[in-house]
Amino acid sequence: MSEKPVKRKKEKKNNYLKKKKLPIRVLTLTVLISVVGLAGLFYLSFSMDKIARIYNNTVKNDYTNLEYMDSISQSFYRHQALVYQYMDNFDNESAKEELEAAAKVFEAEINDEVKEFSDNVIGTVYESSYHTIYSGLNGYFSNVEYIFEFGNVNDYATAEFYMQNMLHGSIAEVNDAVDLFNVLIKDDVNKIQQKMTNNLEVSRVIAIVIIVLLTIFTFIGLAWSVSASREIAFKDALTGVNNIDKIQRDMEKYLKKGRLTDYTCICTNIKDFTIVNQQLGSTVGDMALRNFANTVSQRLDKDERIARIGGDKFILLIRNDKIDEFINFLDKVSITVDYHNEAHIIQLETRCGLCKIKEGYDVGTIVDDAHLALSQTKLKAVDNIWFEENMLEQAYDRKTLLAEYQSAIKHKEFVVYYQPKVNVFDTTLCGAEALVRWWKDDKIVPPFKFIPVLEEEGRVTELDFYVFEQVCQDIRTWLDNGIKPVRISSNFSKLHLRNPQFAEHVLEIVERYNIDSEYLEIELTESSGYEDFDAFTEFVDKMRSKGIHISIDDFGTGYSSLSLLKKLNVDVIKIDKSFIDGIGVGDEMNESLVKNIIYMIKDLNRHVICEGVESWTQAEFLKKQKCHMIQGYLFDKPLPHDDFEARLNSPVYENKMND
Ligand code: C2E
Ligand code: MG
Ligand code: MG
């Protein structure tokens, strides 16, 4: 990964993330319309109900009132007849009494009914007609009073004149009121009926509009939620590109159409991606993955596909006619990430396992084959590997290897080689690294063929202790034989950190062989420093308290940062061979990087050693940077026990450096 800062604004938001918001908006809109629609319908039904109630009451009351008015008129005329009868018999006391009693009953009835009527009356129009009727009736009752008064004064002619006028006036008034009442009632009932009909029309239209809108939005919402769930089912949440299920479905489609053989399946991962995560933080790491996925997607034609499997691993389906160009492109992918409020261009390098799709391949196998090819890149330390049928045999070998491993330990097929470490200032032997070899069927199997497999299977820990014990045993023998050993470092896998007894086990072996700790060093690869930080520090502290040195191996390839190293109380940092390879070949940036790393390590008060030194130019450069210790083929390859013993006895190397 290399990087340079550039001026740029914010990271472009992923389209996919934008799209994801749409169904939520539609859902909100649908809910809103439903709520408004339901409220509208509720209001309509409520007002319809109200209108219906008014209508019912009014009509009911109207009819009651009409009947009532009719009965008033009837009893009015009856009463009138009684009045005239009385007037004919002015001195007839019984007629007077009968009339008086009838008038009281009539008044009481009228009062009650008028009261009830007024309680039931709705609207001012009725009230006004009620007042007219009431005043007419009152007039009538006062007339009856007058009749009696006039009766007492025996002035029949005057009495009759007034009585008739008054009675007729009252009757005319009541009749007018009844007429008015009827007109008002009819008019109002008609109006209410008209209003109801209008309202019904309006509410029907509103109801239809609401139902249509709700249906449309429900369908849109449904369609969007289906598409959203497809997104969730087929999209990778972090990067927004497809996931493995989707690419496999698409591949199935191509297979059915007979087009799949036009493509190559690539299984790719980003080299040392953990460095990005560790040094720049997981947020920047996520951004880098998104931008990587976006950048690669932009290079794809419409028919080509990308999917993220997980972590920094992707599957690609690329047309065969484009494959060379695409592999070149994947070699270094420039992406931009923001950190420390600045945009930086970083170059991501990839490893690719490639599977040329042939007739008869099925989709699952294609992806597996590309995956298998990718796993070989690490073992063979190359960037791209094409899948070959024999890889399946090798995968099978993996099973055989695991099966044979146990008996190899038992039969001591694993032997320890020692690679010298040299003091660059006086070119003398100053240490060594113990490296395991497997003597299998009279051939040496190099560690890259079995260590990664054992590590992946979690079986390497046993071998590490086997090697460490062998180292202690060799040191013991040299000491016993009067040969002064040097400090020997042994490699321990990070898997040990999961074992709470790790330190105790190491110390138990050291004590058993009674080895002075100055002869011992433990190498842990840098990645372990991050994953199991607490366990790592605990182990380092325990070892250092016993005087055993700890070194961080392959520094620069994992994801330790210098700031992390500051927290780790280790003794030595081993700069990885990949940095040393770039010395003396005109790679100024790399040289400056090595220079600065050495400077910073020394500034942190740690020792530094560079491994993989193969040329005097490199040795000279490192000497200039005051890196005391170097290890590499320039001085020695890993040596078998006896050769190394000879080296212990003659520890000075020839020096071809131009001082
Ligand atoms: P490492 O610990 O980084 O060891 C250094 C590797 O670089 C060794 O490879 C060594 O032979 C090689 N090397 C050193 N100088 C040069 C050079 O100048 N040029 C080149 N081309 N290579 C150089 P080796 O012995 O094949 O070991 C490979 C890796 O296997 C080791 O890398 C270490 O990670 C692992 N390994 C070896 N022995 C053990 C062991 O006992 N336990 C564990 N866990 N891992 C081991
Ligand atoms: Mg090592
Ligand atoms: Mg190393």
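The magnesium ion (ligand 3) and the magnesium ion (ligand 2) are separated by 4.0 Å, and Asp553 coordinates both of them. I begin with this metal pair. The model is a predicted one, in which local features need pLDDT of at least 70, side-chain atom pairs count only at pLDDT 80 or more, and totals for chains, interfaces and linings use all residues. Residues are numbered from 1 along each chain as its sequence is written, chains are lettered from A and ligands numbered from 1 in the order in which they are written, and side-chain values use heavy atoms, with hydrogens and water left out.

Let me take the two ions in turn. The magnesium ion (ligand 2) has as protein donors Glu433 (OE), Asn491 (OD1), Glu523 (OE) and Asp553 (OD), at 2.0 to 2.3 Å. A donor here is an N, O or S atom within 2.8 Å of the metal (3.2 Å for Na, K and Ca); water is not among the atoms, so sites may look incomplete. Along the sequence, the donor residues of this ion, ligand 2, follow the spacing E-x57-N-x31-E-x29-D. Two of the donors link distant parts of the chain: Glu433 belongs to strand 10 and Glu523 to strand 13 (residues 520-525), 90 residues apart. Strands and helices are DSSP runs numbered from the N terminus, with at least two residues for a strand (E) and at least four for a helix (H or I).

Are these two glutamates buried or exposed? Glu433 is buried, at a relative accessible area of 4%, and Glu523 is buried, at 1%. Buried means under 20% relative accessible area, exposed means over 50%, and partly exposed lies in between (1.4 Å probe, protein chains only).

The magnesium ion (ligand 3) is coordinated by Asp553 (OD), Asp554 (OD) and, listed twice, Glu611 (OE), at 2.0 to 2.8 Å. The spacing of its donor residues in sequence is D-D-x56-E. The bridging residue, Asp553, is buried, with a relative accessible area of 6%, whereas Asp554 counts as partly exposed at 21%.

I turn now to ligand 1. Which residues come nearest to ligand 1? Of the 22 residues around it, they are Glu433, Asp464, Asp553, Glu614 and Tyr633. A residue is near a molecule if one of its heavy atoms lies within 4 Å of it. By class, the shell holds 8 nonpolar, 5 polar and 9 charged residues. In this scheme Ala, Val, Leu, Ile, Met, Phe, Trp, Tyr, Cys and Pro are nonpolar, Asp, Glu, Lys and Arg are charged, and the others, Gly among them, are polar.

Several side chains make polar contacts, that is, pairs of N or O atoms within 3.5 Å. For Asp464, a polar side-chain atom is 2.6 Å from a nitrogen atom of ligand 1. Gln419 places a side-chain N or O atom 3.0 Å from a nitrogen atom of the ligand. Asp554, already met as a donor to ligand 3, has a polar side-chain atom 3.1 Å from an oxygen atom of ligand 1. Taken alone, ligand 1 exposes 790 Å², of which the protein buries 82%; accessible areas come from the Shrake-Rupley method with a 1.4 Å probe.

The elements giving two or more residues to this shell are strand 10 (428-440), helix 11 (447-456), helix 12 (460-480) and strand 14 (549-555). Strand 10 contributes the most, with 4 residues.

My last topic is the aromatic pairs. Rings of Phe, Tyr and Trp (its six-membered ring) pair if their centres lie within 6.5 Å; planes under 30 degrees apart count as stacked, over 60 as edge-to-face and the rest as tilted. By this rule, there are 18 aromatic pairs. In one of them, Phe465 and Phe492 have ring centres 5.4 Å apart and planes at 70 degrees, so the pair is edge-to-face. Because Phe465 sits in helix 12 and Phe492 in strand 12 (residues 488-492), the pair ties together parts 27 residues apart in sequence. Both Phe465 and Phe492 are buried.

Phe635 and Tyr653 form another edge-to-face pair, at 5.2 Å centre to centre and 70 degrees between the planes. Phe635 lies in the loop between strand 17 (629-631) and helix 20 (641-649), and Tyr653 in the segment after helix 20, 18 residues apart. Phe635 is buried at 8% relative accessible area, and Tyr653 is buried at 8%. Finally, ring pairs join Tyr405, Phe414, Trp438, Phe450 and Tyr466 into a cluster.

Conventions
Polar contact = N/O pair within 3.5 Å; in protein donor to acceptor, adjacent residues only side chain to side chain.
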